[in-house]
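Got the viewer open? Load the model, pick a cartoon view and keep the selection box handy.

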Amino acid sequence: MNARVLKTGTILNKRYEIKEQIGDGGFSLVYMALDLLVYRMVAVKELFPEAYVTRDVNRPNLIVLPEQTE
């Protein structure tokens, strides 16, 4: 399992239940999710700039990486 991707069943904002990842780009991840308020499937796009953030495999929160200097 990719540590960047939210786990199936993760609930966001007490409203969206992640079902599966459906897209991946350099700056974002896209998921199919169930909107628990209206009980419909929706797409949720998560900003995830790989150069600046990471995620603990056991938590949905993003971790901002220290600034890189050249």
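Before any clicking, a word on terms: two strands pair if DSSP finds at least two bridges between them. Strands themselves are DSSP runs (E, at least two residues), while helices are runs of H or I with at least four residues, and both are numbered from the N terminus. Some housekeeping, too: this is a predicted model, where local features need pLDDT of at least 70, side-chain atom pairs count only at pLDDT 80 or more, and totals for chains, interfaces and linings use all residues. Residues are numbered from 1 along each chain as its sequence is written, and side-chain values use heavy atoms, with hydrogens and water left out.

**Stop 1: the whole thing**

Zoom out. The protein has zero helices and six strands, so there is no helix to colour under the DSSP definition. From the N terminus on, the elements read β-β-β-β-β-β. Along its principal axes, the C-alpha trace spans about 50 × 20 × 20 Å.

Switch on a surface if you like. The exposed area comes to about 5200 Å², with carbon and sulfur atoms supplying 54% of it; accessible areas come from the Shrake-Rupley method with a 1.4 Å probe, and for residues only the protein chains shown count as cover. Of the 70 residues, 27% count as buried, where buried means under 20% relative accessible area, exposed means over 50%, and partly exposed is in between (1.4 Å probe, protein chains only).

One for the contact map: among contacts between residues at least 6 apart in sequence, 20% join residues at least 24 apart. Contact here means heavy atoms within 4.5 Å.

**Stop 2: the sheet**

Now select β1 to β4. These four strands form an open sheet in the order β1-β2-β3-β4, with antiparallel pairing. β1 and β4 stand at the edges with a single partner strand each, so one side of each has no neighbour in the sheet.

Start at β1, which runs antiparallel to β2 and is joined to it by two bridges. Pick Ile11 and look across: its bridge partner in β2 is Glu17.

**Stop 3: strand β3**

Select residues 28-35. Is this strand enclosed or open to the outside? Six of the eight residues of β3 are buried, so the strand is largely enclosed by the rest of the structure.

On one flank, β3 pairs with β2 (residues 16-24) in the antiparallel sense over seven bridges. A hairpin with three residues links β2 to β3. To find one of the rungs, click Tyr16, whose bridge partner in β3 is Asp35.

β3 also pairs with β4 (residues 40-47), again antiparallel, over eight bridges. Here Met32 stands opposite Ala43 in β4. The hairpin of β3 and β4 has four residues between the strands, and Tyr39 in that hairpin takes a positive phi near 55 degrees. Check it in your dihedral readout.

While you have side chains showing, keep in mind that in a regular strand they alternate between the two faces of the sheet.

**Stop 4: the salt bridges**

How many salt bridges does a search of the whole structure find? Three, counting a side-chain nitrogen of Lys or Arg within 4 Å of a carboxyl oxygen of Asp or Glu.

Select Arg4 and Asp24: their side chains meet in a salt bridge at 2.6 Å, N to O. Asp24 lies in strand β2 and Arg4 in the segment before β1 (11-12), so the pair ties together parts that are 20 residues apart in sequence. Arg4 is buried at 14% relative accessible area, whereas Asp24 is partly exposed at 48%. Leave Arg4 selected and expand the view: leaving out residues up to four places away in sequence, Arg4 touches Asp24, Leu29, Tyr31, Phe48, Glu50 and Arg55.

Next, go back to Asp35, which forms a salt bridge with Arg15, the closest N and O atoms being 2.8 Å apart. Asp35 sits in strand β3 and Arg15 in the loop between β1 and β2, so this pair also ties together parts that are 20 residues apart in sequence. Asp35 counts as buried at 4% relative accessibility, and Arg15 as partly exposed at 26%.

Finish with Lys19 and Glu17, a salt bridge whose closest N and O atoms are 3.3 Å apart. Lys19 is partly exposed, at 33% relative accessibility.
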